[in-house]
Amino acid sequence: MKKILTVVATLCMVAGALHAQELANFNFGGRGRPVVSPEIQGDSVTFRLKADYATYVKLSGSWMPNPYGGSIDMRRGEGNVWEVKVPLPSPEIYTYNFIVDGVSVNDPQNIQVQRDGTRFLNMLIVPGERTENYNEANHRGTVSHPWYDSKILGLNRRLTVYTPYGYENNPKKKYPVLYLLHGAGGDEEAWTSMGRAAQILDNLIEKGLAEPMIVVMPNGNGNQQAAGTLNLPVKQQQFDRNAMQNMSEAERSRMMNGYVMSLCEEIVPFIEKNFRAIAKPEARAIAGLSMGGGHTITASNLYPEMFDYICPLSAAGSATPEQVATLKKAGVKLYFLACGNTDFLFQGSQNLDKTLTEQGLDHIFYVSDGGHVWANWRLYLNTFAPKLFK
């Protein structure tokens, strides 16, 4: 018995030593001073990275004048900890990374990351009025990932679904639904990772600014079963233009708009069957950014009586006067169009605003500063969500 206790004690000491060595990797030169990064101090923020063998280290951040190629030098300090202090950017969520001898490296001290397609990037959340709804609320909803079978696309596909705080506790209460669509390069996790959709809805609902609602975030890539992180096979899509010329208009529409048709003919019924959703147009909203904005416009054009709330954001799409007239006749309650004034799609949004105005469809054209970026799309969700289902 004594021998067994001795062995156990030895193993515990070894385990403790290993743990201590692991923690040492996060200290200034092993001297017990932790590397803190990023560290906000008043009107500045300091970034640090321990890199013993680096010859140079740079910082690249999305707040910089050239967020896609710009960088600033960091200085080597005690214990081979490189650091740089920069002025604190205005309140928003930013991404950043280090460049160590030409190689992009994430900040090992910062556990806050977001996934942008195939890239995982560190986040810097600068506190302020703009970002107060991007942090965790006191009352939090639930994010789940149900699967549905799509006969139209021929795939078993994954959704992201947000249900508001209290959804599980009141089995008789039904909720309106927002269908929230991502842009090109995104997937069903984009709005929860980069868009902070769950945090925004939690905060707005907790403050009484938005109606409690279900939010459905589908995968808008019609050849994918789910986000690439699940490593599932991707369906190869081939379009035979000659064959398409011999198709009927309905067949061509199904070929080109398969995802939108799956959204309206399969996802909406799936949600209304499996969640406590109000199955009426006045309880359905659709919104999307960029490519998802185009999907939003297409869905409202093809199914004009399905959604009473339509919100194209920085949209890659348009509507004809006839389509807008049909929406007006259907009794759309809110058409919220938004785009940044330096967005490369701004002209298209202006054209759509003109068509909506000429056809007499009451709408909001929300113009923000900036371009085709998540900072704007988070702002738009924060702005239009309180206008839904009123």
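**Exercise 1. Classify Asn-80 by its accessibility and describe its place and backbone.**

Solution. Step 1: Asn-80 has a relative accessible area of 26%. Step 2: buried means under 20% relative accessible area, exposed over 50%, and partly exposed in between, with a 1.4 Å probe and protein chains only. Asn-80 is therefore partly exposed. Step 3: Asn-80 sits in the loop between β5 (75–76) and β6 (81–87). Helices (H or I, at least four residues) and strands (E, at least two) are DSSP runs, numbered from the N terminus. Step 4: the phi angle of Asn-80 is near 60°, a positive value in a residue other than glycine.

The model is predicted: local features need pLDDT of at least 70, side-chain atom pairs count only at pLDDT 80 or more, and totals for chains, interfaces and linings use all residues. Residues are numbered from 1 along each chain as its sequence is written, and side-chain values use heavy atoms, with hydrogens and water left out.

**Exercise 2. Describe Ser-290 by phi, place and accessibility.**

Solution. Step 1: phi of Ser-290 is near 50°, a positive value in a residue other than glycine. Step 2: Ser-290 belongs to the loop between β17 (284–289) and α7 (291–302). Step 3: with a relative accessible area of 11%, Ser-290 is buried.

**Exercise 3. Find the form of the peptide bond from Ser-37 to Pro-38.**

Solution. Step 1: omega of this bond is near -10°, and the bond from Ser-37 to Pro-38 is cis. Step 2: Pro-38 lies in the loop between α1 (2–24) and β1 (39–41).

**Exercise 4. Which parts of the chain does the salt bridge between Lys-58 and Asp-73 tie together?**

Solution. Step 1: a salt bridge is a side-chain nitrogen of Lys or Arg within 4 Å of a carboxyl oxygen of Asp or Glu. Step 2: the closest N and O atoms of Lys-58 and Asp-73 are 2.4 Å apart, and the two residues form a salt bridge. Step 3: Lys-58 lies in strand β3 (residues 57–61) and Asp-73 in strand β4 (residues 72–73), so the pair ties together parts that are 15 residues apart in sequence. Step 4: Lys-58 is partly exposed at 25% relative accessible area, while Asp-73 is exposed at 54%. The structure holds 15 salt bridges.

**Exercise 5. Trace the salt bridges of Glu-189 with Arg-115 and Arg-158.**

Solution. Step 1: Glu-189 meets Arg-115 in a salt bridge of 2.7 Å, N to O. This pair links distant parts of the chain, 74 residues apart: Glu-189 is in the loop between β15 (177–181) and α2 (190–193), and Arg-115 is in strand β9 (residues 113–116). Step 2: Glu-189 also meets Arg-158 in a salt bridge, at 3.0 Å, N to O. Arg-158 lies in strand β13 (residues 155–158), so this second pair ties together parts that are 31 residues apart in sequence. Step 3: Glu-189 counts as buried at 17% relative accessibility, and Arg-158 counts as buried at 8%. Step 4: salt bridges that share partners join Arg-115, Arg-158, Asp-187, Glu-188 and Glu-189 into one network.

**Exercise 6. Which residues line the largest cavity?**

Solution. Step 1: on a 1 Å grid over the protein atoms alone, a cavity is a set of points where a 1.4 Å probe fits but cannot get out; a pocket is an open set with protein on both sides within 12 Å along at least five of seven lines; lining residues have an atom within 4 Å of a point. Step 2: the structure holds 1 cavity of 30 Å³ or more. The largest cavity has a volume of about 40 Å³, where a volume is the space filled by probe spheres set on grid points joined across faces, edges and corners. Step 3: its lining consists of Arg-115, Asp-116, Gly-117, Gly-185, Gly-186, Asp-187, Glu-189, Ala-190, Ser-193 and Met-194. Step 4: β9 and α2 are the elements that give two or more residues to this lining.

**Exercise 7. Relate helix α10 to the largest pocket.**

Solution. Step 1: 9 of the 11 residues of α10 (residues 374–384) are buried, so the helix is largely enclosed by the rest of the structure. Step 2: the largest pocket holds about 1,000 Å³ of space. Step 3: 38 residues line this pocket, and Ser-62, Tyr-68, Thr-95, Val-373 and Trp-374 lie nearest its centre. Step 4: α10 gives the largest share of the lining, 6 residues. Trp-374 is among the buried residues of α10.
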